[in-house]
Amino acid sequence: MSTTNPSDETSATPQRTPITMDIHQIMKKLPHRYPILLVDRVLDIELHKSIRAVKNITFNEPIFTGHFPRRPVFPGVLILEALAQTSALLSFTSMGEQLTDDMVVYFAGIDGARFKRPVEPGDQLVLHAALDRARAGIYRFNCKAMVGEEVACEAAIMCTMRDVG
């Protein structure tokens, strides 16, 4: 009869070191720039699986001058774009790819987009993307944008990478 020490089991489990990124590292991975770069920080990445990132919503966003001046609301299409950029960061980082002038990531589709609450200045969007599948160069991610404990938006996002050089 053998006995196992619980500390032996935990030492056999590999510890995951979270991958984080600041804005400078993000700009090396994505071609977007202000005002359309919509990811401020990556909190953690589990390669080939999932990512969590942050978009801080400030009153200084140029979109708020017209959407809507009396009651500013961050547009849903920009939340979806932030989720797509977060998904692209997961893809580029998992594949060890560096951004080149010849490589772009395109939307291939958005399914089941639902907007659950308005996003306003002062909110912090926590962007979640999990790789659902990758087939024939098309990647599908299950995505969710959260404000605190509330879901602001959820969607399945498909994208593809292309060499345009």
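Cysteines, core and a helix residue

Me: In this predicted model, how far is the sulfur of Cys-143 from the closest cysteine sulfur, and why is there no bond?
Reply: The closest cysteine sulfur to that of Cys-143 belongs to Cys-153. A disulfide needs the two sulfur atoms to be within 2.5 Å, and this pair is too far apart for a bond because the separation is 8.6 Å.

Me: How many disulfides does the model have by this rule?
Reply: Cys-153 is in no disulfide, since the nearest cysteine sulfur, that of Cys-143, lies outside the 2.5 Å cut-off. By this rule the count of disulfides is 0.

Me: Is Cys-153 buried or exposed?
Reply: A residue counts as buried when its relative accessible area is under 20%. The relative accessibility of Cys-153 is 0%, and therefore Cys-153 counts as buried.

Me: Which element gives the most residues to the largest nonpolar core?
Reply: This core has 36 residues, of which Leu-83 and Leu-125 touch the most other members. Several elements each supply at least two residues, among them β1 (41–46), α3 (76–95) and β6 (150–163). With 9 residues, the element that gives the most to this core is α3.

Me: Which residue has the backbone oxygen that lies 2.8 Å from a polar atom of the side chain of Thr-93?
Reply: Thr-93 has its place in helix α3, and at 13% relative accessibility Thr-93 counts as buried. Leaving out residues up to four places away in sequence, Thr-93 touches Met-21, Lys-29, Ile-45 and Leu-47. The backbone oxygen 2.8 Å from a polar atom of the Thr-93 side chain is that of Leu-89.

Notes. Residues are numbered from 1 along each chain as its sequence is written. This is a predicted model: local features need pLDDT of at least 70, side-chain atom pairs count only at pLDDT 80 or more; totals for chains, interfaces and linings use all residues. Side-chain values use heavy atoms; hydrogens and water are left out. Buried means under 20% relative accessible area, exposed over 50%, partly exposed in between (1.4 Å probe, protein chains only). A nonpolar core is a set of buried Ala, Val, Leu, Ile, Met, Phe, Trp, Tyr and Cys residues joined through side-chain atoms within 4.5 Å. Helices (H or I, at least four residues) and strands (E, at least two) are DSSP runs, numbered from the N terminus. A polar contact is a pair of N or O atoms within 3.5 Å; within protein, one must be able to donate a hydrogen and the other to accept it, and residues adjacent in sequence count only if both atoms are side-chain atoms. Contact means heavy atoms within 4.5 Å.
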